[in-house]
Amino acid sequence: MVSARRLFIYILFLLSFGTLVTIDIDSILANEQTLSGIIHFPVKNAQEGQSIYINAKIEDPNIKVEYMRLYYRPKGGSNFQYQEMQEQLNSYSVEIPTSEVKMPGIEYFIMAILTDHSMITSPPSNPYYSPYEISVEPGKTAEHAPIRASQTARKSFLESKSGVQLETIILSPEPGEWIPSDEVIIAVSFLGDVENLDLRSIKLFVDDQNLTAKAEITSNMISFVPAKFPPGKHQIRLELSDIQGNRFNDVAWQFSVISEKQNDRTKDKKLPLAGNAFVEWKSEKFSDSTLTISNFDASFRGKYGMIEYRGRAFITSREKSQFQPRNRFSLEVGTSWIGAKLGDTYPRFNELILWGKRVRGIEAFLKLGFFNLEFAHGQTQRKIAGIPYDETTDPATGITQYVNPVTGLVESSSTGIYKYGTFKQTLLAIRPSFGSGKNFQFGLNFVKVRDDTSFSTYGRRPKDNLILGPDILLAFDNHRIELKASSAFSLLADDISTGSLSKADLDSALGEVPFDPSQFDKYFILNASLIPTDPSKLTSLAYQASFKFNYFGNNINIIYKSIGSQYLSLANAYLRRDLKGFSIYDRIRLYQNRVYLNLGYEKYVEGLSYNDDENDATKPTDYNALAIGVSFYPRQEYLPKVNVNWKNLNRNDGLDINLNPTIASYAINYRNNDVSVQLGYDVQFLDLNHTFTINYFMNDRSDGFNRTYLNLANDLQMVSLRTAYQIPLITVISYATNKNKVVGGLSTFKYNMFNISADYSLLNRRLNLAGSVNTTSAVGSSMSVDSLNNPLPQPTMSDYTDYQRTAFNIGGNFQINSYHSLLLEMSFIDFNDKLNKAYNDSIIRFRYEFRY
Amino acid sequence: MDKINKVKIIVIILIVAFFFNEGISQTPKSEDVAIILKTKGDVKVKKEEEQKWFKGTRGIRLDSGDIVKTYEKSLAAIMFTDDKSLLKVRDNAALAIRGKRLKTTMTKRIVCSMGNFWLKVTQQKSKVLVETPSGIAAVKGTEFYGVVDENGNTMIIVIEGIVQLINKLGEALVEAGQTGIMSKGLPPKVFKTDSSQKMKWADEDKITKELEFEFQDGNGNKKYLKIIYH
């Protein structure tokens with residue numbers, strides 16, 4: 001629920017230091033969400049194969065965050081996976097890796113755990129069911145690729161405005177190829193309507209130098225044999241037009257020339273070791289505070305016969321004993337059928353039980369096909385000592401007083417603990433399975449997680465957790481048809497600080513039992529904190545089944561799941577519980593994959609346990625959502641790319657506030673509509689390549705009982721123009737405007753943003769310089785309300801923020817040679833709020849990387 | 001038929017024959033069928049319509065009918081311009097390149113009278129024919145070595161794909177891991193490639209090149225895909 005008091009003050013910045021390189025503004029910023037205390041601009045668009053940068057900050061800088069995580073899943077997927085967000089002084093960021101960015105899109109939300117163990121999310125309400133959605137469009141083809149792309153398709157299909165179709169084939173050198181200087185030959189052949197190709201229009205540029213006069217050009221091909229090429233990376237670009245003067249898209253690609261010395265080295269076919277290492281230093285000065293971070297990362301990989309090996313070490317100055325580990329170490333050795341990994345590993349055995357949780361220890365596998373074994377053991381949480389209050393006795397009253405160890409002030413406390421610590425937690429997981437998984441696999445999962453209470457840490461409620469469950473997979477035709485099912489049963493001892501029950505205690509509770517719980521301590525601690533208390537009711541049972549069908553242009557995904565209210569796996573602690581339902585999703589490819597139709601329907605019941613809680617004020621909530629999206633990616637240059645999405649979701653717990661007004665503050669009944677439209681257009685104008693993008697997003701939430709203070713409305717419009725020039729320069733200009741209404745319009749927030757960025761390459765593209773200027777202005781207003789969020793009899797509208805933010809970013813990346821590179825980025829931010837405080841922020845980042 | 005009509009008929013026939021002949025001789029020769037990417041040692045090229053041999057170097061374009069000859073300790077790497085099929089010719093070899101350009105593809109013929117060669121045909125839309133004195137090898141999407149000796153006997157060692165051997169006395173399919181032999185006066189034979197026959201000389205001159213892609217898996221672990229090729 002939203003109250004007027006929780007309305008936001010500051011708006012997150014669009015560009016931080018991490019975005020100094022040229023960006024497509026349409027890939028960031030839709031509308032800001034600050035209702036929960038996390039300030040974040042949702043990302044709306046992305047491109048397949050390119051990572052997505054996610055940034056967020058906490059509204060109140062005084063709030064201490066334990067950690068912040070990004071949870072994401074493919075659109076239509078079942079469970080979320082997460083990544084830790086990297087902390088800067090007042091912001092957190094992470095990148096969704098390129099391998100995860102696939103069509104049709106990604107759903108995500110952000111969750112922060114505060115030091116007081118409370119949780120805040122973005123979106124602020126129901127993030128699991130209403131996560132943010134990113135539409136992912138196909139990766140760029142050779143015709144659309146930026147000139148700086150190091151990889152270009154060897155074959156390009158070009159079409160001019162007059163319909164002349166040409167196929168170009170890069171014969172030599174291959175895009176991205178490394179080649180000795182004395183073997184360089186540049187050759188591109190032409191096929192198709194070559195008779196309509198204007199040979200006089202053909203121009204060959206190598207590192208922006210026009211070498212057309214030295215090339216041999218016929219209607220079949222162009223070739224050029226240079227005398228010598230200097231070592232390093234080189235850029236080739238070919239311009240062509242048809243006989244009517246209409247230009248085709250340029251053909252551009254890069255390759256590298258190796259020196260004789262490097263050539264002799266690479267002739268040795270065995271490369272036992274390869275990898276890279278970097279050192280990085282960042283400093284951010286925010287108002288009166290400065291945060292400096294240093295990172296070191298080194299990784300290697302290699303192969304010796306059948307054995308492959310890789311390792312990584314990441315060391316950061318942010319590593320502190322009072323936080324969970326931030327350093328990362330791993331060493332992995334193995335073949336395709338046997339292997340082991342030491343250090344930080346992220347085992348994925350079963351979506352319900354163990355799915356990507358970090359374990360510092362060992363993970364091993366044996367894959368024989370008919371029988372397989374997976375094993376993981378290690379620490380999931382390190383021991384962190386808590387901090388108790390200092391105790392003194394009031395001399396006047398003789399009463400014990402608690403003194404804050406940080407401030408020295410006397411405070412009240414019911415526990416005497418200022419900050420709770422964490423127990424060392426270890427995990428043991430075993431999964432034997434039968435079948436290779438190509439067509440069939442049956443697995444049994446066993447996971448045990450326990451807190452170590454042997455050392456006092458001032459921790460709360462140490463736990464012991466046991467989860468068992470099978471899973472089965474049937475797959476056909478390279479997994480184009482796939483049926484999966486899994487179930488899991490959990491037992492949790494929620495507080496093992498008192499140890500296990502004695503036989504006498506157990507007998508008195510249940511009658512004579514044939515075993516002594518204390519004798520099985522090392523396997524599981526059984527005591528009164530057991531959840532569930534009555535396992536036979538199956539409240540800690542979870543099961544899930546999914547069906548995938550990928551044929552005839554359809555990619556259908558049907559999931560059914562039921563997660564008991566008391567199911568808990570500490571190895572997958574953020575799995576949503578107490579719900580049951582299904583989802584159906586289909587992505588339909590039409591017209592040679594130029595048109596995509598995305599259809600989705602979800603129906604869940606959450607809070608099933610409310611049926612048995614004998615409380616009339618709580619009921620399970622029905623959730624259903626329908627989503628329809630259409631995407632059009634034409635091959636023809638002169639047609640725009642279009643993406644239209646609509647989603648309608650309803651949540652209703654069936655409670656009627658008209659019958660019982662006392663439940664008005666928490667009864668759930670609302671409908672949410674999201675509409676988004678994106679248009680992208682590649683156009684040539686003044687002999688330059690432009691990409692023009694328009695985005696419109698509308699979100700409207702209305703309460704079913706007309707509790708207007710729960711209503712939200714948001715409108716965002718954004719335009720951007722990206723231009724690639726004849727010289728190695730790319731510019732992006734964008735403008736966005738957003739209007740946000742909360743509390744039924746009693747509070748509004750409007751902002752306007754303008755951004756211009758430029759990216760320029762020098763020295764045969766070894767040096768890339770980037771700079772940008774961004775200005776944001778925003779006004780927030782709210783109406784005075786009473787405790788029930790109703791306008792006062794004589795309401796007044798007042799501004800709570802009126803600010804202007806200006807950011808200057810500049811930086812560069814220098815490729816010294818094929819092994820060494822340097823990066824330097826700087827940001828200067830001026831923030832001025834007429835109603836609150838002003839501050840300046842500066843960030844500088846330096847990085848050196850070595851690849852071998 | 002009187003004399004004048006006979007003369008008319010002869011003249012008409014001559015005129016038709018002239019134009020027919022002109023038409024044939026003016027059938028445009030396909031140009032830029034292939035290009036020499038690399039040479040080592042002594043490599044010579046002769047244009048079909050010329051008698052003179054000239055030095056073959058990288059960048060020289062080959063039209064249909066051009067002949068490439070390699071001498072002692074020499075090598076030539078030739079790429080076809082429609083689909084990047086790659087031909088390597090070893091020392092003491094002689095072969096002619098023939099091709100006919102179509103709109104988006106090319107029919108290709110390699111006429112080898114003698115020598116060792118290696119051919120890799122990629123994503124072709126049409127067949128490649130290799131003619132030797134003892135028969136024809138029809139190639140489709142494949143990689144193989146060919147050896148033609150001074151007697152015209154042909155040995156084809158297939159690395160990948162299928163090669164169809166054809167001569168007047170029969171046909172045979174040679175698959176990966178097999179060797180096919182054609183001799184004059186005998187039908188083609190196929191047998192499993194003996195380890196002593198396996199060739200790798202096409203890789204000897206190669207530079208180990210690599211394309212490397214960096215990405216991250218869902219756990220944030222950096223992963224690398226390296227394609228090492230020659």
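# A loop residue and two open sheets

Biologist: L409(A) sits in the loop that links β32 and β33 of chain A; is L409(A) buried or exposed?

Modeller: This is a predicted model, in which local features need pLDDT of at least 70 and side-chain atom pairs count only at pLDDT 80 or more, while totals for chains, interfaces and linings use all residues. Residues are numbered from 1 along each chain as its sequence is written, chains are lettered from A and ligands numbered from 1 in written order, and side-chain values use heavy atoms, without hydrogens and water. Buried means under 20% relative accessible area, exposed over 50% and partly exposed in between, with a 1.4 Å probe and protein chains only. Because its relative accessibility is 53%, L409(A) counts as exposed.

Biologist: Which residues does L409(A) touch, not counting those up to four places away in sequence?

Modeller: Contact here means heavy atoms within 4.5 Å. With that sequence exclusion, the residues that L409(A) touches are Y402(A), V403(A) and N404(A).

Biologist: What is the bridge partner of D390(A) in β32(A)?

Modeller: Strands are DSSP runs of E, at least two residues long, numbered from the N terminus, and two of them pair if DSSP finds at least two bridges between them. β31(A) and β32 (residues 400-403) run antiparallel and are joined by 4 bridges. In β32(A), the partner of D390(A) is V403(A).

Biologist: Which strands are at the edges of the 5-stranded open sheet of chain A?

Modeller: The order of this antiparallel sheet is β11-β12-β14-β18-β17. Pairing on one side only marks the edge strands, β11 (155-159) and β17 (216-217) of chain A.
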